[in-house]
Amino acid sequence: PAPLVDPKSPQAQQLGYVADASKVDKAKAPKYVAGQACSGCALFQGKVGDAQGPCPLYPGKAVLAKAWCTAFVART
Ligand code: SF4
């Protein structure tokens, strides 16, 4: 499995990646809506129920299903 995104990496910092979506700072990420997470993001490449999976914005890394970043797009 791919290594997890390091929240301190430049890419993660630039996109406001937070490993636990429930801890998103709404002052820094006003578009965050409670309940959003990678597991419900259109870009998340993991399967339903997976704890982590690839995201094309973080090549070679895995993001946590319970994480969130400012590029979130709700899956429809
Ligand atoms: Fe998670 Fe979506 Fe951001 Fe990728 S783009 S890290 S799946 S919220």
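Which cavity is the space taken by the ligand? Hi everyone, let me take you through this one. It is a predicted model, and in it the ligand takes up the space of the largest cavity.

So who surrounds the ligand? Three cysteines come early in the list, Cys38, Cys41 and Cys55, and Cys69 is there as well. The aromatic residues around the ligand are Phe44, Tyr58 and Phe72. Leu43, Leu57, Val63 and Ala71 complete the set. Sorted by class, that shell has 11 nonpolar residues, with no polar and no charged ones.

Now let's move to Asp25. You'll find Asp25 in the loop that runs between helix 1 (10-15) and strand 1 (52-54). Is Asp25 buried, exposed or partly exposed? Its relative accessibility is 37%, so Asp25 counts as partly exposed. The side chain of Asp25 also has a partner in the backbone: one of its polar atoms lies 2.9 Å from the nitrogen of Ala27. If you'd like a sense of distance here, take Ser39, 14 residues away from Asp25 along the chain; the C-alpha atoms of the two are separated by 19 Å.

Last stop, the charges. How many salt bridges does the structure hold? Just one. The side chains involved are those of Lys23 and Asp20, with 3.1 Å from N to O. As a general point, side chains of opposite charge can pair when their charged atoms come close. And Lys23 itself has a relative accessible area of 62%, over the 50% cut-off, so Lys23 is exposed.

That's my tour, thanks for listening!

Methods. Residues numbered from 1 in each chain as written. Predicted model: local features only at pLDDT ≥ 70, side-chain atom pairs only at ≥ 80, totals over all residues. Heavy atoms only, no water. Near = heavy atom within 4 Å. 1 Å grid on protein atoms, 1.4 Å probe; cavity = no way out; pocket = protein on both sides within 12 Å on 5 of 7 lines; lining within 4 Å. Sits in = over half its atoms within 2 Å of the grid points. Nonpolar A, V, L, I, M, F, W, Y, C, P; charged D, E, K, R; others polar. Helix = DSSP H or I, 4+ residues; strand = E, 2+ residues; numbered from the N terminus. Buried < 20%, exposed > 50% of the residue type's maximum accessible area, 1.4 Å probe, protein only. Polar contact = N/O pair within 3.5 Å; in protein donor to acceptor, adjacent residues only side chain to side chain. Salt bridge = Lys/Arg side-chain N within 4 Å of Asp/Glu carboxyl O.
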